[in-house]
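Here are my notes for you on this structure, point by point. Keep the 3D view open while you read, and turn it as you go.

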Protein chains: 2
Amino acid sequence: MTPARFERRLDVLRLMVDRRLATIVQKNGPADLTDACRYLLSGGGKRLRAILVLLSCDAVGGKIRAALDAGCAVEVMHNFTLVHDDIMDHAQTRRGRQTVHLRWDINTALLSGDVLLGLSYRQLLRTRHRSLPSLVALFTAAVLEVCEGQAMDLEFERRTDVSLGEYFTMIEKKTGRLMSLSSELGALLGGGSKVQVQSMRKFGHYLGRAFQIQDDLLDVLADEKRFGKRVGGDILEGKRTFLLLRAAETARGRDREYLRRVMRGGARGLGSPRAVVRRVTEIYEHYGVVSEAKSLIARNTRHALATLDALPTGNASAMLRWLSEALVNRAF
Amino acid sequence: MTPARFERRLDVLRLMVDRRLATIVQKNGPADLTDACRYLLSGGGKRLRAILVLLSCDAVGGKIRAALDAGCAVEVMHNFTLVHDDIMDHAQTRRGRQTVHLRWDINTALLSGDVLLGLSYRQLLRTRHRSLPSLVALFTAAVLEVCEGQAMDLEFERRTDVSLGEYFTMIEKKTGRLMSLSSELGALLGGGSKVQVQSMRKFGHYLGRAFQIQDDLLDVLADEKRFGKRVGGDILEGKRTFLLLRAAETARGRDREYLRRVMRGGARGLGSPRAVVRRVTEIYEHYGVVSEAKSLIARNTRHALATLDALPTGNASAMLRWLSEALVNRAF
């Protein structure tokens with residue numbers, strides 16, 4: 001297939017997911033809650049996790065339709081984590097739109113997150129599979145890990161001594177786990193062999209890691225409009241990203257001291273936001289942290305692609321390869 | 001069995017539940033999150049919902065052990081709703097202890113609620129049952145209804161025209177649904193017949209309604225220390241309870257105007273809290289709302305007890321009868 005055909009195929013899958021997602025929120029519920037849930041599920045986004053479920057199912061020889069409810073379940077659960085994270089992070093926008101706790105209020109955001117988690121289970125339970133309870137258990141283990149990842153992320157905010165090892169554990173839980181859940185669920189629903197299921201889980205794991213480091217990198221490199229977030233936003237918050245942690249480890253003298261101050265209080269007291277972002281970005285470049293991130297992304301992508309060798313060659317696995325490359329080369 | 005033996009049996013069941021609950025929170029999680037979850041699950045409480053699952057299983061001829069994980073699942077899910085409700089209601093204490101969002105912070109409370117919901121599913125999935133997915137679906141429907149009930153409750157705060165019909169719908173979702181889930185789950189796990197399962201669901205429904213109106217009533221009648229909440233607290237917040245809504249419907253002239261003001265802003269601008277509680281309580285008494293509540297409680301309890309006729313007579317059903325009476329005659 002050509003890249004243009006991959007793109008079209010991706011659009012078709014995304015449309016399938018969006019259509020199913022549009023049926024998920026119950027009618028006749030309390031108005032604010034229903035509206036907020038609809039708002040959350042209609043906000044666009046890449047639908048990456050759902051598409052990963054579909055393609056992983058396809059790639060081991062399953063029918064995509066069999067994985068659609070599970071794919072939507074993971075997507076809805078992902079949105080549950082986003083709305084609660086946005087409350088905790090005091091985020092103002094998400095995908096270029098106002099966050100729910102600002103557009104409505106914190107209570108509505110909290111409750112709509114709870115509802116999305118409930119809805120994600122309801123959607124998953126619509127799946128037909130001979131051992132559905134084991135799928136629900138897998139899903140539940142992922143829910144718990146994502147929460148743990150978020151707790152670690154919050155804890156990191158209060159510490160300046162976060163190690164890279166801790167960072168990797170955190171992103172594995174907070175980002176990687178949903179990716180590996182997606183690819184594993186898809187392979188299970190497609191009737192993949194044990195080896196294939198395990199390979200697909202690893203695929204999601206490596207892809208998730210590459211994806212998160214790429215996300216960290218985009219904070220300093222992205223095209224603001226397409227990324228949908230303010231460039232340098234992580235720096236201004238003193239967020240513990242790969243870049244900041246690695247640079248704080250590598251940098252010396254004044255640079256190191258400057259990064260420590262950014263970690264302690266973000267841009268506060270350090271001058272104009274623009275100047276802080278420029279200085280930190282220069283430090284990143286100077287100590288080679290940007291290129292280190294790039295090679296880490298490349299390495300994890302290679303690992304992800306290698307796991308696909310356990311799959312039969314075909315359109316779906318070719319598409320997973322293309323998607324992996326596209327994701328880690330994205331500039332938004 | 002004598003009341004003393006019922007009491008002892010209740011203690012045994014509660015201990016079984018508490019012991020199982022103590023095993024639920026994972027070790028090695030992020031410290032704050034783990035501590036908050038433990039705190040939430042060790043706070044005592046009547047464990048009413050779990051015990052209802054156990055007794056309902058027993059009453060249709062099942063083995064209590066078979067229902068223990070499901071009973072704990074409902075209890076954990078109930079605690080998920082409490083910690084999130086406490087954030088939304090800015091509650092300061094719960095069961096006589098500081099709430100999680102005050103003892104830790106809002107983020108920890110939010111996240112520990114999410115974790116409890118995940119843990120409740122994990123616990124439910126430990127149950128052995130030939131159609132476990134249908135039990136999980138039942139559980140999920142209840143999660144969603146409880147959230148809807150809470151959304152209605154929040155919406156009521158902004159309205160002074162809440163009807164009694166809306167109030168009953170709200171308490172059915174927010175309180176009744178977990179009770180009817182408990183008794184239905186128990187009957188299903190005990191292998192009850194279709195008629196028995198349906199009867200047990202109704203039992204929980206009526207008991208839940210009686211229980212909630214009793215809770216409203218205790219706000220004006222309770223023994224403060226044993227109730228664990230401040231007497232008149234609902235009045236001071238202008239909370240839409242059966243008493244307030246019914247009195248606002250019945251009262252005339254100045255009394256009606258006074259209640260409307262309480263509804264709009266609680267005790268604010270109306271004098272000392274003690275004086276407001278006294279005046280509102282007098283209005284309740286004057287218009288016969290307290291005795292109306294009492295007879296509603298009695299009627300719903302009778303309905304609940306009547307559903308037990310579908311069960312084989314035995315210790316468990318006798319105990320359910322005793323428990324129903326004890327609950328609605330409680331002064332705490």
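1. Let's start with Lys194(A): is this residue buried or exposed? A residue counts as exposed when 12 or fewer other C-beta atoms lie within 10 Å of its own. Lys194(A) has 8 such neighbours, so Lys194(A) is exposed. You will find Lys194(A) in helix α9 of chain A. Try looking for Ser272(A) as well: 78 residues separate the pair along the chain, and their C-alpha atoms are 55 Å apart. Do keep in mind throughout that this is a predicted model.

2. Now zoom out to chain A as a whole. Its secondary structure consists of 16 helices and 2 strands. With a radius of gyration of 20 Å, close to the 20 Å that the globule rule gives for 332 residues, chain A is as compact as a globular protein of that length. Along the principal axes, its C-alpha atoms fill a box of roughly 60 × 50 × 35 Å.

3. What share of the 332 residues in chain A is buried? The figure is 51%. The contacts tell you about the fold too: among those in chain A with a separation of 6 or more, 73% join residues 24 or more positions apart.

4. Helix α14 of chain A (residues 273-286) is a nice one to check with a ruler. At 1.5 Å a residue, its 14 residues should span 20 Å, and the end C-alpha atoms are indeed 20 Å apart, so the two values agree. Right after this helix, look for Gly288(A), which has a positive phi near 70 degrees.

5. Which residues of α14(A) are buried? They are Val276(A), Val277(A), Val280(A), Ile283(A) and Tyr284(A). Because these residues cover an arc of only 125 degrees around the axis, they sit on the same side of α14(A). It helps to remember that an α-helix has 3.6 residues a turn, so residues three or four places apart point the same way.

6. The two faces of α14(A) are worth comparing. Its buried residues are covered by elements of chain A that include α9 (194-221), α11 (233-237), α12 (242-250), α13 (253-265) and α15 (289-307). On the face turned away from the buried side, you will see the exposed residues Arg274(A), Ala275(A) and Glu282(A).

7. Over in chain B, have a look at helix α4 (residues 68-88). This helix has 21 residues and reaches 30 Å from its first C-alpha to its last, close to the 30 Å expected at 1.5 Å a residue. α4(B) is mostly covered, with 19 of its 21 residues buried. Just after α4(B) comes His90(B), with a positive phi of about 55 degrees.

8. How do the two chains meet? The contact takes 32 residues from chain A and 31 residues from chain B. On the chain A side, α2 (31-41), α4 (68-88), α6 (106-124) and α7 (132-157) each supply at least two residues. α7(A) gives the most, with 14 residues. Sorted by class, the chain A side has 21 nonpolar, 6 polar and 5 charged residues.

9. Finally, the symmetry. Chain A is superposed on chain B by a rotation of 180 degrees with 0.0 Å of shift along the axis, at an RMSD of 0.0 Å. The two copies are thus related as by a two-fold rotation axis. Which residue of chain A comes closest to the rotation axis? That is Pro133(A), whose C-alpha is at 3.1 Å. Of the interface residues of chain A, 97% are also interface residues in chain B, so the copies meet through the same surface.

Methods: Residues numbered from 1 in each chain as written. Chains lettered and ligands numbered in written order. Predicted model: local features only at pLDDT ≥ 70, side-chain atom pairs only at ≥ 80, totals over all residues. Contact = placed C-beta atoms within 7 Å. Helix = DSSP H or I, 4+ residues; strand = E, 2+ residues; numbered from the N terminus. Nonpolar A, V, L, I, M, F, W, Y, C, P; charged D, E, K, R; others polar. Least-squares fit on C-alpha atoms with pLDDT ≥ 70 in both. Expected span 1.5 Å × (residues − 1). Buried ≥ 20, exposed ≤ 12 C-beta atoms within 10 Å, placed from the backbone. Arc of directions from axis to C-beta. Rg over C-alpha atoms; globule rule 2.2 N^0.38 Å.
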